[in-house]
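Visitor: Could you take me through the ligand site of this model in close detail, along with the pockets that go with it? I would like the cut-offs behind each term as well.

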Amino acid sequence: MRLVLLGAPGSGKGTQATRLREHLQVPHISTGELLRAAVAAGTPLGLQAKAIMSAGNLVSDEIVLGMLEERFQRSDTVHGFILDGYPRNLSQANALDVLLDRIGQSMDLAIQLEVDQELLVARLAGRAQAEGRADDSPEAVRNRLRVYEEQTAPVVDHYRTQGKLAHLDGVGSLDDVFTRILEAISPYADVG
Ligand code: AP5
């Protein structure tokens, strides 16, 4: 099945996508992970993206779409995928529709994980201590949350209008949230 996970920074997209990958046996495609790998490898793209990401801003639509198109050329996406971190604005949402249409696919469902801001900040502060991710500093987190509200939140309506949105409570244990997601995707379980 073809799934996109939406939600603010810290809402649990990456965590739940990892579990879903095992469950659905389809690849987890995270644009954040692809970009962090490029930064770590010191590629020209990574060098361009590094400062933008550390500040919590969005990397250009062109760069991210190019990266995504390259990833979709791999054969493991034929039977589905879990997309995490893309689309991040309406222009990316439209570009994704066009990209999928071109390869004869379409999104089955967008899952939005809702978590209140105080808890998001606490989760990311916890990860900052545990992992030291460059964009988990208090200033970058504030900016990421602002960017989410201004640019990414409207993407939810894009999928709502298409009748493809499942809005879920992202608060609770990892198992609680995973169970809610499994319930939401159960009607699509047989989608190849
Ligand atoms: P990206 O990597 O996509 O980061 P993000 O959206 O800010 O998401 P996070 O990874 O912070 O949160 P998450 O929702 O995945 O939560 P997680 O499961 O990790 O993007 C990073 C940057 O790359 C962007 O800012 C931008 O610069 C760039 N970028 C990426 N995509 C782009 C695009 N399409 N266009 C332009 N730029 C792009 O969980 C967070 C923490 O909470 C973890 O510690 C986890 O253990 C904990 N946690 C999760 N669930 C629970 C729970 N239920 N209870 C308690 N703790 C929990």
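Guide: Happy to; what follows goes from the ligand outward to the pockets and then to two backbone details.

This is a predicted model, in which local features need pLDDT of at least 70 and side-chain atom pairs count only at pLDDT 80 or more, while totals for chains, interfaces and linings use all residues. Residues are numbered from 1 along each chain as its sequence is written, and side-chain values use heavy atoms, with hydrogens and water left out.

Let's begin with the shell. There are 29 residues around the ligand, and those that come nearest are Thr15, Thr31, Asn57, Arg127 and Arg144 (a residue is near if one of its heavy atoms lies within 4 Å of the molecule). By type, the shell divides into 10 nonpolar, 11 polar and eight charged residues; here Ala, Val, Leu, Ile, Met, Phe, Trp, Tyr, Cys and Pro count as nonpolar, Asp, Glu, Lys and Arg as charged, and the others, Gly among them, as polar.

Now for some polar contacts (pairs of N or O atoms within 3.5 Å). Asparagine 57 has a polar backbone atom 2.5 Å from an oxygen atom of the ligand. With glycine 85, a polar backbone atom is again involved, 2.8 Å from a nitrogen atom of the ligand. Glutamine 92 uses its side chain, where a polar atom lies 2.9 Å from a ligand nitrogen atom. Taken alone, the ligand exposes 1000 Å², and the protein buries 87% of that (areas by the Shrake-Rupley method with a 1.4 Å probe).

As for secondary structure, α1 (13–24), α2 (31–41) and α6 (117–131) are the elements that give two or more residues to the shell; helices are DSSP runs of H or I with at least four residues, and strands are runs of E with at least two, numbered from the N terminus. The largest share, four residues, comes from α2.

The ligand takes up the space of the largest pocket. A pocket is an open set of points on a 1 Å grid over the protein atoms alone, where a 1.4 Å probe fits, with protein on both sides within 12 Å along at least five of seven lines; lining residues have an atom within 4 Å of a point. A molecule sits in one if more than half of its atoms lie within 2 Å of its grid points. This pocket holds about 1000 Å³ of space, a volume being the space filled by probe spheres set on the points, which are joined across faces, edges and corners. Its lining has 48 residues, with Pro9, Lys13, Arg127, Arg133 and Arg144 closest to its centre. Here too α2 gives the most, with five residues.

The second largest pocket has a volume of about 200 Å³. Of its 16 lining residues, Ala8, Gln112, Glu114, Tyr148 and Glu149 are the closest to its centre. The most, six residues, come from α7.

Finally, the backbone. Most residues other than glycine have a negative phi, and most peptide bonds are trans. Tyrosine 86 and proline 87 are joined by a cis peptide bond, with omega about 5°, and proline 87 is in the loop between β3 (81–84) and α5 (90–102). Glutamine 25, in the loop between α1 and β2, has a positive phi of about 55° although it is not a glycine.

Notes
A polar contact is a pair of N or O atoms within 3.5 Å; within protein, one must be able to donate a hydrogen and the other to accept it, and residues adjacent in sequence count only if both atoms are side-chain atoms.
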